[in-house]
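Trainee: Could you take me on a close look at one part of this model, the internal spaces and the helix packing? I'd love a walk-through that stays with the residues themselves.

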Amino acid sequence: MTNTEIGLGISVVVPTHNRRQLLGRVMDALARQTADPAMFEVVVVPDGCTDGTEDMLRTQRYPFSLKLVEQSGHSGPAAARNAGAKAAAGRLLLFLDDDVEPSSDCVEAHRRAHELEGAAAVVLGPYPPAPHASANLFRLIIRSWWKKHFEDLAEKGHRFSFRDLLTGNLSLPAHVWEQLGGLDPSFRAAHEDYELGVRLMQLGIPFRFVPDAVAYHHEYETMTVAGAFRRAREEGRSDVLLGRKHPHVRSGLRIATLTRSSGVRDWFDRLIFALGDRTDPLAHAMTSVLQFLDRTRLRDAYIVFYRELNEYWYLRGAAEILKSWSAWKHFELSAPPPGAVRRLNVDLKGGIPAAEETIDQARPDEVTLNYGGRELGVLPCEPGAEVWQGRHLRPLLCGHLARAYLECLLKAGDLEGVPPACRSAVQRGLSKAGLAIASPRDEMWWEQDGQWRVFIAEAGD
C-alpha cells in the first residue's frame, strides 16, 4: 500500500439509530477536519431510523462526499457497520459512533498513523468522555471506566488484547476487513468488536494506540442506568457466544471468571437461571434504590449496589443462551487449555537491551525471566493477546516485577550497575529494610519509585 493510496482513500463509516441531533454534531465535526475533504468520504448508515435522520442529511451540504446506506429495519450495530463498509470506496475504513465527536485532526491522525506504520495495522483512537459537569454517581462510574480504559492503552509497553478493540473510533485497511468478513451480526448489541478483535489477533494484525486521533464521547447524552443494565444483559449473551465461537479465549471472559465466595451467592445464581424473567420485576424495583443512594450521596453503597444489579443483568443475558446453571458451570470448566505455547527463557544478566532483542526475535507466548539462573518472574500466556515483545519488558520491571528484579541484582552483587543517580537511594533503602532481602515484605523498601524507573530506563545506556 503506497502513501498516495492511503492518502486518497479513507471512508468514515458512521452507523446511527434515531440520534439525528447527535449525528448532526458528528457530521459538523467531520466538515471541520484538517484533512483535505477530497481525500475522504463519509458513509452514514441509518439503521431503521424513524426520526428524520435521512431527510436531515439530504438537506445539508458538506465539503466531503456523502453516501447514505439506509437499512429498512433496525438490524443492529454489527450489520450496520458491515453495510457501511460494503458501500465504502476507501482503502482505509474509519469507524465512528454517532455520539463520538471527532477532533479536527482525527481523520488526518488516522491517515498519518497508517502511513507511518506502512504495513496493515489496526489504529485505535481515544474517545474519552466529553467535558460535562455532573455529580451523578452513575455518570462518575461510567466516566471513570472510559477514562481508565484509554489511560491503560496509553501506558508505555501496554500488551494489547482483543478486549482493547472498540469500534467507536477505529481504523483499519479495507482489505483486512474484507479478509475477515467484517463483524459477526449474531452479536446483536455488544462485544461484536471483541469478537472481531479475536480474529484480528489470530491473523497477527498489530494494534496501535494513537493519542492524536482523539474524539470526544458524549456518553452523558446516550448512556443511562437502564441502558447500562440492558447493555450488561447483551454482554452476558454475547460473551457466551464469544466463548463458544472462540473457546481458546473463554477463560478470560467475565462469564467464566465470576467467582462465588458464599453459598448464598451460589443459591441466588441458581435462582436466576431457574426462574428466568420472573426475577426481573424485583431487579427493576431495586433500581429505585440506586436513586435514593445517589440523592443521599452514599457513594460506596451505590457502587456496590450498582455492581450487583449489573451482574444480575449480565447473568440474565448469559442464561438466555446457556439455559441452566449446570450448563454455566460446564462452560466455565470446559475452557480448553492453550494450544501449542511458544515458551522462552531469558536471562537478564546479559542486560535489558539484549533481553528485549531476544524477545522480539522469538515472539513467544510465555516468557520466564531469570537473573543469573535465579527465576524472578513469568510473563504468562494470555489467549487473545498479542505475543510478548521487547517493548513490554521495562514497564513490567518497573512495576510488579521491580522488587524481584532488584533482589536478584543484589543477590548477584551487581549493585555497581546501578546508575549514580539511584545508587545512594537504593543503599539507604536497603539500610532501612535492615538488609532483610530474603524476608517477605509488604512495603516497597527503596526510597523512590521514580529513581528506580530511571535505573531501568538507563540500564542499556
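**Spaces and helix contacts**

Mentor: Happy to! Helix α6 (residues 137-154) gives three residues to the lining of the second largest cavity, the largest share of that lining. Please keep in mind that you are looking at a predicted model. The full lining is made of L124, G125, Y127, H149, F150, L153, D164, L166 and N169, and H149, F150 and L153 fall within the span of α6. By class, five of the lining residues are nonpolar, three are polar and one is charged. The volume of this second largest cavity is about 30 Å³, and the count comes to two cavities of 30 Å³ or more.

Now turn to a space that is open. The second largest pocket holds about 540 Å³. Its lining has 26 residues, and M201, R342, D365, A385 and V387 are the closest to the pocket centre. Two elements, α8 (192-203) and β8 (207-209), each give two or more residues to this lining. The largest share, three residues, belongs to α8, and M201 lies within the range of that helix. As for chemistry, the pocket lining splits into 13 nonpolar, six polar and seven charged residues.

From there, let's go to the helices, with helix α13 (residues 299-322) as our centre. Helix α9 (residues 225-245) packs against α13 at about 45°, and the two axes are 7 Å apart. Since that angle falls between the limits of 35 and 65 degrees, α9 and α13 are oblique to each other. The crossing of α9 past α13 is right-handed. On the α9 side, the contact uses V225, A228, F229, A232, R233, E235, G236, R237, D239, V240, L241 and R244. Facing them in α13 are Y302, Y306, L309, N310, W313, Y314, R316, G317, A318, E320, I321 and L322. This contact of α9 with α13 has 14 nonpolar, three polar and seven charged residues.

Helix α12 (residues 280-295) is a second partner of α13: their axes come within 10 Å and cross at roughly 160°. That angle is over 145 degrees, so α12 is roughly antiparallel to α13. Here the crossing is left-handed. From α12, the contact takes in D280, A283, H284, M286, T287, V289, L290, L293 and D294, while α13 offers A301, Y302, F305, Y306, L309, Y312, W313 and R316. The residues of the α12 contact divide into 12 nonpolar, two polar and three charged.

Put the two contacts side by side and α13 ties them together: Y302, Y306, L309, W313 and R316 of α13 take part in the contact with α9 and also in the contact with α12. In your viewer, you could colour these α13 residues and then follow the right-handed crossing of α9 and the left-handed crossing of α12.

Definitions and conventions
Residues numbered from 1 in each chain as written. Predicted model: local features only at pLDDT ≥ 70, side-chain atom pairs only at ≥ 80, totals over all residues. Heavy atoms only, no water. Axes fitted to C-alpha atoms, helices over the stretch in contact; angles between N-to-C directions. Helix = DSSP H or I, 4+ residues; strand = E, 2+ residues; numbered from the N terminus. Parallel < 35°, antiparallel > 145°, perpendicular 65-115°, else oblique. Left-handed = near helix turned anticlockwise from the far one by under 90°. Contact = heavy atoms within 4.5 Å. Nonpolar A, V, L, I, M, F, W, Y, C, P; charged D, E, K, R; others polar. 1 Å grid on protein atoms, 1.4 Å probe; cavity = no way out; pocket = protein on both sides within 12 Å on 5 of 7 lines; lining within 4 Å. Points joined across faces, edges and corners; volume = space filled by probe spheres on them.
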